[in-house]
Each structure stands twice: as C-alpha cells, then as structure tokens.
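Please open the structure in a viewer and keep the sequence panel visible beside it. The tour below proceeds stop by stop, stating what to select and what is found there.

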Amino acid sequence: MEERVFNFSSGPSQLPLPVLEKAQKELVSYGGTGMSVMEMSHRSKPIIGIADETVALLREVMNIPDNYKVLFIQGGATLQFAMVPMNLMKNKKADFVMTGYWAKKAADQSKAYGTVRVAATDEANGYKNIPRLDKSMVDPQADFVHITSNNTIYGTRFTEIPDTGDVPLVADASSHILSEPLDVSKFGIIYAGAQKNMGPAGMATVIIREDLIGTPIEGTPVYLNYKTHADAESMYNTPPVYCIYICKLVLEWLKNLGGIPAMQKINEEKAKLLYDQIDNSKIFRNEVAVKDRSLMNVIFVTGNPDLDKKFVDEAKKAGLITLNGHKAVGGLRASLYNAMPVEGVKALVEFMKKFEMENK
Ligand code: PMP
C-alpha cells in the first residue's frame, strides 16, 4: 500500500483506515452478490439492508428517541439551510445565533422565507466566543431557533445546549456530529453534511422530530418536503448509496471503538495535546475563549502570514497536510475529526516544536 498522510482537512476529511480497507475488500463484490454496492439498484435487498442498518446504528450510537426520524438527503448541509425554513417557517419568523460564516450562510437562506432575527451574536468580538442564549432571548413566535453547534472556521462549539422553550431548536452539527454526546431530545432538528465525521461527501443526515414533518410552506417542491423523504425511508429517488454504505462502515467502526463516549475521550485527548502545545508556544496562538474551544477544528496563527504559509508548506513535506485556515479568516487550522488518530496529532505537535525551534 502507498504511504498515507495525516490529513487535517476540514472536510472532506480523513476516513478511518479500517473503513477504507473494508470498503476496498468489498469494492468489487459485496457480500457474495458478484456486484459492487455502486452497481446495485437502490430497491435491491442488499441496499435496503445497508440503509436500514445505517439508520439503526445511528439511532443506537446517538441514542435517538423513537419520535425522531433519520433522513439521508442529497445537497449537503447547504440544502438544509433552505429546507429548514421551507418546512418550518409558517409564522415567517426565525431566530439565529450568529457564530460566524456558516451561521450567516444559513440565516441568509431563511431571509427568503420571512424575518430573520439575530437572537445572540459574537460578531463584535470576531466570533471568538459562543454567545449565551436563554429562553428570555428567544421570540416565542419564532418558528425555530438556529445554532451552528460547532463552528468549523472559527474553531468554537456550544458546550451547553440552549433551552429555547417551546420553540424548536435547529442545529447545524456538520463538523462535530458523532464526536461527543448530543442530547437529541433537546432539538427539533439536527442536520449534518456527511463529509467530516460520517463518510464521504454526497448527502446530509437529518434527525428530525416527527411533529415537524409534513407542514411545509406553500410552494415547497416535493423533493424539499421532509415528508417525502420520511415516507419513503430516504428512498424517494436514487439516494447516494455508496455514501450511505461508507457511513454504515464508519458507524460500525465507531460502535466497536466503544461508541460516542469513548470517541469523546479520544477527541478530548487529541484536542488537549494540540491546545497545550499552542498555549505553551511562543510563536503560535489561539484566541478562542477556552470554554468554547472546538474539539474538532483547532485554529491557530503565528500572526505573520508568510510564516503561516511556510508552516503549511513544510508540514506538507512532513506528511501533515491541509493545515491552512479557511480563506475567510486565513491563519492555520488542524481539523481533528474522529478518524484522525492520536498519532497524527502527536506527529503534528512534534512538527510544531521543531518548526518553533527553527523559526524563533
Ligand atoms: N455547515 C458547516 C458548519 C460546515 O462546516 C459546512 C462545510 N464545511 C457546511 C455547513 C456546508 O456543508 P456542505 O458542503 O455539506 O453543504
């Protein structure tokens, strides 16, 4: 096998090696069928089996209550920015917690369907904190309150789920789903693009409370109505079958590892290794409020764009790739999704020490 790198990309990102190896073994013929998963009808028994098992595994590892549906919908998290208001915004009012780039993108889509109110924001501080939100700050007439529960670009995350009373809480959990426990019962909808902690790009997973399904605003296309996908068990049309299959392998891998609580421990260990290195460094710094730091996306800077670039280039030569920050903020970022092994983070920390010695 060709040597693999440690890929710190924010997504699509590294997948667990045992998952890739299993997929490779099953690539040409799946389970004695003489066919690849990619070649099978989505109405065939093996594919329906794969989809059912994927949903069952997700329900098990995330402890999803019975009154929630799990849907796989193409169009990524971005399509959910529009599907959420189309399906929920009957009073034409939505509250958003603004925590950066993706929250803003989501809010901009809801503006097409009514009034968007900023319930809380940390824009003035450059999104270095997660703003506090309590029930008194929520418009009781709002159709939903939207949060981005982990902020991929600004490196923050909600460590406490806000209480929004009777107003459904909607979370974009794209960049931290499956990384730490989430109490699903506190949410109306949790959605996440697959290409970070779940599998390859190609769909979003939507976990939705049943009472929110089936009352879209007038004019909603059939395909964008959650009911369409719920009634058809995510098989209304040809779904991204291979993506669902890889998600199943990822969920099996996660379950064998001890599930989300075990994964959380490993993620905390990885994040601590890197944040400790940054906090003790004379050239790197992270300005995010410590209590709000993401376990998944660790952002840091030297303060000198040329030095940042040198770091990215030299790290790449050492097999540590995609350490540049998002174009909106620059600087550096290491995404430590579930599939990034502790050894990858240790290798990065050792590289940072060496780089610091050479660039004091
Ligand atoms: N939300 C968040 C928090 C993200 O990090 C991203 C992608 N990086 C998106 C939404 C957009 O996801 P997609 O490409 O699946 O539409």
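**First stop: the surroundings of the ligand**

Begin by selecting the ligand and the residues around it, which are Gly76, Ala77, Thr78, Phe81, Trp102, Thr148, Asn150, Thr152, Asp172, Ser174, Gln195 and Lys196. Please bear in mind throughout that this is a predicted model.

Next, display the side chains of Thr152, Asp172 and Gln195, which belong to this group. In the side chain of Thr152, an N or O atom is 2.5 Å from an oxygen atom of the ligand. For Asp172, the partner is a nitrogen atom of the ligand, and a polar side-chain atom of the residue lies 2.6 Å from it. At Gln195, an N or O atom of the side chain is 2.9 Å from an oxygen atom of the ligand.

**Second stop: Thr152**

Keep Thr152 selected and hide the other side chains. Thr152 is found in the loop that runs between strand E6 (150–151) and strand E7 (156–157). Is Thr152 buried or exposed? Its relative accessible area is 6%, under the 20% limit, and Thr152 is therefore buried.

Now add Ser175 to the view. The side chains of Thr152 and Ser175 make a polar contact of 2.8 Å. To see the wider setting, select the residues that Thr152 touches beyond four places in sequence: Ser10, Trp102, Ser175, Lys196, Asn297, Arg333 and Tyr337.

**Third stop: strand E11 and Ile299**

Move to strand E11 (residues 297–300), where Ile299 is placed. Which residues are in contact with Ile299, leaving aside its neighbours within four places in sequence? They are Ile153, Tyr154, Gly155, Arg285, Asn286, Val288, Leu332 and Arg333. For one of these, Leu332, a distance can be checked in the viewer: its C-alpha atom is separated from that of Ile299 by 5.7 Å, although the two residues are 33 residues apart along the chain.

**Fourth stop: helices H6 and H7**

Select helix H6 (residues 241–256) together with helix H7 (residues 259–279); they pack at an angle of about 80°, with their axes 7 Å apart. An angle from 65 to 115 degrees counts as roughly perpendicular, so H6 is roughly perpendicular to H7. Show the side chains of Trp253, Leu254 and Lys255 on H6, and add Gly259, Ile260 and Met263 on H7, since these residues make the contact. By class, this contact of H6 with H7 has four nonpolar, one polar and one charged residues.

**Fifth stop: helices H7 and H9**

Keep H7 and add helix H9 (residues 342–358). The axes of H7 and H9 come within 10 Å and cross at roughly 0°. Angles under 35 degrees count as roughly parallel, and H7 and H9 are therefore roughly parallel to each other. On the H7 side, the contact is made by Ile266, Glu269, Lys270, Leu273, Leu274, Gln277 and Ile278. On the H9 side, select Val342, Val345, Lys346, Leu348, Val349, Met352, Lys353 and Glu356. The residues of this contact of H7 with H9 divide into nine nonpolar, one polar and five charged.

**Sixth stop: Phe355**

Remain on helix H9 and select Phe355. With a relative accessibility of 1%, Phe355 counts as buried. Beyond four places in sequence, Phe355 touches Ile283, Phe284, Leu307, Lys310, Phe311 and Glu314. For a sense of distance, select Ala142 as well: Phe355 and Ala142 are 50 Å apart in space, C-alpha to C-alpha, and 213 residues apart in sequence.

**Seventh stop: loops and backbone details**

Go to the loop between helix H3 (76–88) and strand E3 (93–98), and select Lys92. Lys92 has a positive phi of about 60°, although it is not a glycine. With a relative accessible area of 52%, Lys92 is exposed. Add Ala112, which lies in the loop between helix H4 (101–110) and strand E4 (115–121). Ala112 counts as exposed at 61% relative accessibility, and its C-alpha is 9.6 Å from that of Lys92.

Continue to Glu233, in the loop between helix H5 (226–231) and H6. Its phi is near 50°, a positive value in a residue other than glycine. Glu233 is exposed, with a relative accessible area of 56%.

Finish at Pro12, in the loop between strand E1 (6–7) and helix H1 (17–26). The peptide bond from Gly11 to Pro12 is cis, with omega near -10°.

Terms used:
Residues numbered from 1 in each chain as written. Predicted model: local features only at pLDDT ≥ 70, side-chain atom pairs only at ≥ 80, totals over all residues. Heavy atoms only, no water. Helix = DSSP H or I, 4+ residues; strand = E, 2+ residues; numbered from the N terminus. Buried < 20%, exposed > 50% of the residue type's maximum accessible area, 1.4 Å probe, protein only. Polar contact = N/O pair within 3.5 Å; in protein donor to acceptor, adjacent residues only side chain to side chain. Contact = heavy atoms within 4.5 Å. Axes fitted to C-alpha atoms, helices over the stretch in contact; angles between N-to-C directions. Parallel < 35°, antiparallel > 145°, perpendicular 65-115°, else oblique. Nonpolar A, V, L, I, M, F, W, Y, C, P; charged D, E, K, R; others polar. Near = heavy atom within 4 Å.
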